[in-house]
Amino acid sequence: MTRARVALLVAAALVLVTVGIAVQGNASVTGRAVAVVAELTTPETTATTTTQAPSSTPPVTSSSPPPTSSAVPVPAAAGTPLASKIKPGVSHTGPATFYASDGGGACSYDPGPDPLTVAMNWSDYEDSKACGAYILVKAANGKSITVRVTNLCPAPCRVGQLDLSREAFARLADPKAGEIPVTWSLVSPPLEKKISIRYKTGSSQYWCGIQAIDHRNPVARLEVQAGGQWKELRRMEYNYFLSENGAGCGGAIAITDIYGERLVVNALPVKPDAVQATSLQFAAH
């Protein structure tokens, strides 16, 4: 073999080695680029596709009532309250009856020692918007009493009708009367209690129902903080606000009354069925 032929073969071998190195290098770079893209997109993909077993013990952040922010007034549009059928300053008329009430009922409140409660007629109950409202009831004989809405009076209960607890009815008239005509209206009475929050049975960081208790004025809406933004929750007829995809469960909660006053409660642990106190209460009107 001639010296020229040997040189030619060596040159060809060097070219092949160089090409192989270049191909290997490009593959390595391309692989790193794909890995970077995967790292950037993985959090979003994981958030929507990864499933985990719910924790049986939600993390507890505080064993005492958390600090709460001051009230944030949010005026309603055009000065109109956020109420629907039961509005401040509007008088209603209807019959008053009574039943054996323990303070519980459709509003999902616990039975309590306060005997002065009322079941609101199905129309003015309005899918639980009346729950927790304080109502001043006046009889034709001049007697009056303030009661709290804790239950629903379904049809054939009439529009405008109040089904009072037996104790409340007895303060207006002899229970032997059975039924009396009354006028009634929304009030915002003096109240020493503060608002409490309760998570519904079965609540977790993946699904939760939230209820406000002992509020002076009717609640118009409830929001939770999720991802740095406020999300309004859907109200159910049994007086819980649901986060069906878990957004905001265990986060800060904002409660707005029908006058537009907005109170923000700092994050509370998700403790199903536990009544958790706050230091907040809506202003009297």
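Count the bonded cysteines along the protein chain and the disulfides fall into the pattern 1-2, 3-4, 5-6. Keep in mind that this is a predicted model, so everything below is read from predicted coordinates. A search through the whole structure turns up three disulfides, and they make a handy route through the fold.

Start with Cys107 and Cys131, whose sulfur atoms sit 2.0 Å apart in a disulfide. This pair joins distant parts of the chain, 24 residues apart. Cys107 belongs to the loop between strand E2 (92-99) and strand E3 (117-121), while Cys131 is in the loop between helix H2 (122-125) and strand E4 (134-139). Turn the view to look at the S-S bond of Cys107 and Cys131 and you'll find -85° about it, a left-handed link. Cys107 and Cys131 are both buried.

Next along is the bridge between Cys153 and Cys157, with the sulfur atoms 2.3 Å apart. The link of Cys153 and Cys157 is right-handed, with 105° about the S-S bond. Buried or exposed, what is Cys153? Cys153 counts as buried because its relative accessibility is 9%, and the cut-off for buried is under 20%. Cys157 has a relative accessible area of 6%, so Cys157 is buried as well.

The last stop on this route is Cys208 with Cys249, a disulfide whose sulfur atoms are 2.1 Å apart. Here the angle about the S-S bond is -90°, and the link of Cys208 and Cys249 is left-handed. Because Cys208 lies in strand E9 (residues 208-213) and Cys249 in the loop between E13 and strand E14 (253-257), the pair ties together parts that are 41 residues apart in sequence. Both Cys208 and Cys249 are buried.

Strand E9 takes us straight to a sheet. Five strands make it up, in the order E12-E13-E9-E8-E16, as an open sheet with antiparallel pairing. Its edges are strand E12 (234-235) and strand E16 (275-277), each of which pairs on one side only. Look at the E12 end: E12 and strand E13 (residues 241-243) pair in the antiparallel sense over two bridges. Which residue of E13 stands opposite Arg235? That would be Phe241.

Arg235 and Phe241 turn up again in the lining of the largest cavity, together with Tyr109, Gln211, Ala212, His215, Val219 and Asn239. The structure holds one cavity of 30 Å³ or more, and the volume of the largest cavity is about 40 Å³. By class, its lining residues divide into four nonpolar, three polar and one charged.

For an open space rather than an enclosed one, go to the second largest pocket, which has a volume of about 220 Å³. It is lined by 16 residues, and the closest to its centre are Asp110, Gly112, Arg148, Lys193 and Asp214. Which elements give two or more residues to this lining? They are strand E5 (144-153) and strand E8 (196-199), and E8 is a strand we already met in the five-stranded open sheet. Sorted by class, the lining of the second largest pocket comes to five nonpolar, five polar and six charged residues.

Methods. Residues are numbered from 1 along each chain as its sequence is written. This is a predicted model: local features need pLDDT of at least 70, side-chain atom pairs count only at pLDDT 80 or more; totals for chains, interfaces and linings use all residues. Side-chain values use heavy atoms; hydrogens and water are left out. Two strands pair if DSSP finds at least two bridges between them. Helices (H or I, at least four residues) and strands (E, at least two) are DSSP runs, numbered from the N terminus. On a 1 Å grid over the protein atoms alone, a cavity is a set of points where a 1.4 Å probe fits but cannot get out, and a pocket is an open set with protein on both sides within 12 Å along at least five of seven lines; lining residues have an atom within 4 Å of a point. Grid points are joined across faces, edges and corners, and a volume is the space filled by probe spheres set on the points. Ala, Val, Leu, Ile, Met, Phe, Trp, Tyr, Cys and Pro count as nonpolar, Asp, Glu, Lys and Arg as charged, and the others, Gly among them, as polar. A disulfide is a pair of cysteine sulfur atoms within 2.5 Å. Buried means under 20% relative accessible area, exposed over 50%, partly exposed in between (1.4 Å probe, protein chains only).
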